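Here are a few short exercises to work through with the model open. Try each one yourself before reading its solution.

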Amino acid sequence: MAAHFISSPIYGAVGYPGNHPLSIQRIGTVEKLCALLGWTGNHAPVLRSPVADDALLSRFHAPEYISALRDSEGARSVTEAARERHNIGTLENPVFPGLFNRAATSVGGSYLAGELAAKGALAYHPAGGTHHGLRDRANGFCFFNDPVFAILALLDAGLERVLYADLDAHHGDGVEVAFADDPRVMTISVHEEDRWPFTGLVSDRAGGNARNLPVPREMNDTEFDLLMAEAVLPAAQGFSPQAVVVTTGADALKGDPLSSLALSNTCLWDAVEALVALAPRAVVLGGGGYNPWTLARAWSGLWARLSGQSIPDELPAEARDLLKTLECDLVDDEDEQDPAWFTTIADRRNDGPIRERFRDIARAVRGTAPADG
């Protein structure tokens with residue numbers, strides 16, 4: 001498949017204010033790192049994301065919610081009624097200058113990704129992955145749900161079996177809810193158990209086409225590989241998808257401050273590639289990730305893997321200097337920073353023993369054991 005990278009200049013600046021977990025450099029750093037390493041340019045131009053208009057946004061989101069979000073940003077204040085009804089203007093989902101355009105650009109990029117994929121391509125949109133957004137409420141730092149629109153674009157093209165796979169550390173609740181009653185869409189989510197939003201039990205099948213794998217803390221690469229081989233890929237293959245949409249996430253990686261999982265980025269890349277290989281059309285999105293060093297390395301390296309480009313063993317000086325400019329209030333102690341974050345792209349694998357709980361999860365997803373939580 002031809003590979004396309006989709007982004008926008010809007011992501012060059014941090015949008016979220018103050019000490020919000022998303023007030024860090026993310027997509028802008030990914031773009032810069034890819035350019036420094038020669039992974040984008042004339043041979044692989046970055047496509048400009050369009051901004052979704054109200055007609056597109058209202059395909060999933062309630063018109064009154066769209067208006068409330070736009071009006072609140074314009075007024076630079078949120079009414080108590082809007083805060084209560086739509087969950088905006090909170091510490092979790094703050095309204096800030098440029099919010100509406102930023103969120104609508106994410107939707108536009110993911111819909112474009114779906115359109116490109118429908119033609120037989122692989123579309124990479126790391127600014128996508130706002131998988132918690134609900135029809136008429138902001139949720140979990142997400143205002144609009146752009147993965148829903150990537151899926152809609154594929155369905156609009158006439159496809160009848162679209163697989164959505166979510167590898168983010170947090171349950172892909174918004175996407176599961178959106179397509180719970182649509183037999184054309186299967187959702188699979190691997191996420192940390194007992195972690196916000198506290199949904200996605202292994203027994204949760206939504207309308208029948210959902211599979212959830214809530215995993216224990218400190219999941220290592222060997223345990224994740226087991227779930228992929230014995231549960232995720234068999235379930236996905238059984239659906240015979242015509243297209244795959246993946247929310248990758250970077251918060252399941254070791255070192256992320258908002259999860260307790262311990263994957264290497266190389267393990268995550270292998271999983272994404274295995275999912276993409278299931279169908280002749282694919283969309284790969286970003287998602288969560290709150291450590292700017294692990295995120296930038298993971299999503300840049302993922303683009304190299306997806307587009308068939310080589311990854312150096314060590315970073316050149318310019319790339320190292322870029323990573324040294326990053327800051328994060330949640331990872332501000334040098335004792336918490338791995339020196340490899342500043343010198344390499346690819347992590348060493350984090351292999352380890354397989355706990356029996358992971359075999360239980362795999363059996364439950366396959367339907368060969370009771371689903372008990």
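Two strands count as paired if DSSP finds at least two bridges between them. Keep in mind that this model is predicted.

**Exercise 1.** Find the strands that pair with β1, and work out which helix joins β1 and β2 into a β-α-β unit.

*Solution.* Start at β1, residues 3–7: with β3 (residues 122–125) it shares 3 bridges, in the parallel sense. One of these pairings puts Phe5 with Tyr124 as its bridge partner. Now look at β2, residues 46–48, which is also parallel to β1 and joined to it by 3 bridges. Here Ile6 sits opposite Leu47. Finally, follow the chain from β1 to β2: helix α1 (residues 27–36) completes a β-α-β unit, and the unit is right-handed.

**Exercise 2.** Describe how α3 and α5 pack: which angle class do they fall in?

*Solution.* Take the axes of α3 (residues 63–75) and α5 (residues 99–118): they are 8 Å apart, at an angle of about 140°. Roughly antiparallel would need an angle over 145 degrees, so α3 is oblique to α5. For the contact itself, α3 supplies Ile66, Leu69, Arg70 and Glu73, while α5 brings Leu99, Phe100 and Asn101.

**Exercise 3.** Which residues have the most contacts inside the largest nonpolar core?

*Solution.* Of the 75 residues in this core, pick out Leu167, Leu213, Phe224 and Leu275. Helix α8 (residues 221–239) gives the core its largest share, 10 residues. Then zoom in on Phe224: leaving aside neighbours within four places in sequence, its contacts include Leu167, Val190 and Met219. Another core, of 49 residues, lies apart from this one, and Ile6 and Tyr290 are among its members.

Methods:
Residues are numbered from 1 along each chain as its sequence is written. This is a predicted model: local features need pLDDT of at least 70, side-chain atom pairs count only at pLDDT 80 or more; totals for chains, interfaces and linings use all residues. Side-chain values use heavy atoms; hydrogens and water are left out. Helices (H or I, at least four residues) and strands (E, at least two) are DSSP runs, numbered from the N terminus. A crossover is right-handed if, with the strands pointing away from the viewer, the path from the first strand over the helix to the second runs clockwise. A nonpolar core is a set of buried Ala, Val, Leu, Ile, Met, Phe, Trp, Tyr and Cys residues joined through side-chain atoms within 4.5 Å. Buried means under 20% relative accessible area, exposed over 50%, partly exposed in between (1.4 Å probe, protein chains only). Contact means heavy atoms within 4.5 Å. Axes are lines fitted to C-alpha atoms, for helices over the stretch in contact, and angles run from 0 to 180 degrees between N-to-C directions. Angles under 35 degrees count as roughly parallel, over 145 as roughly antiparallel, 65 to 115 as roughly perpendicular and the rest as oblique.
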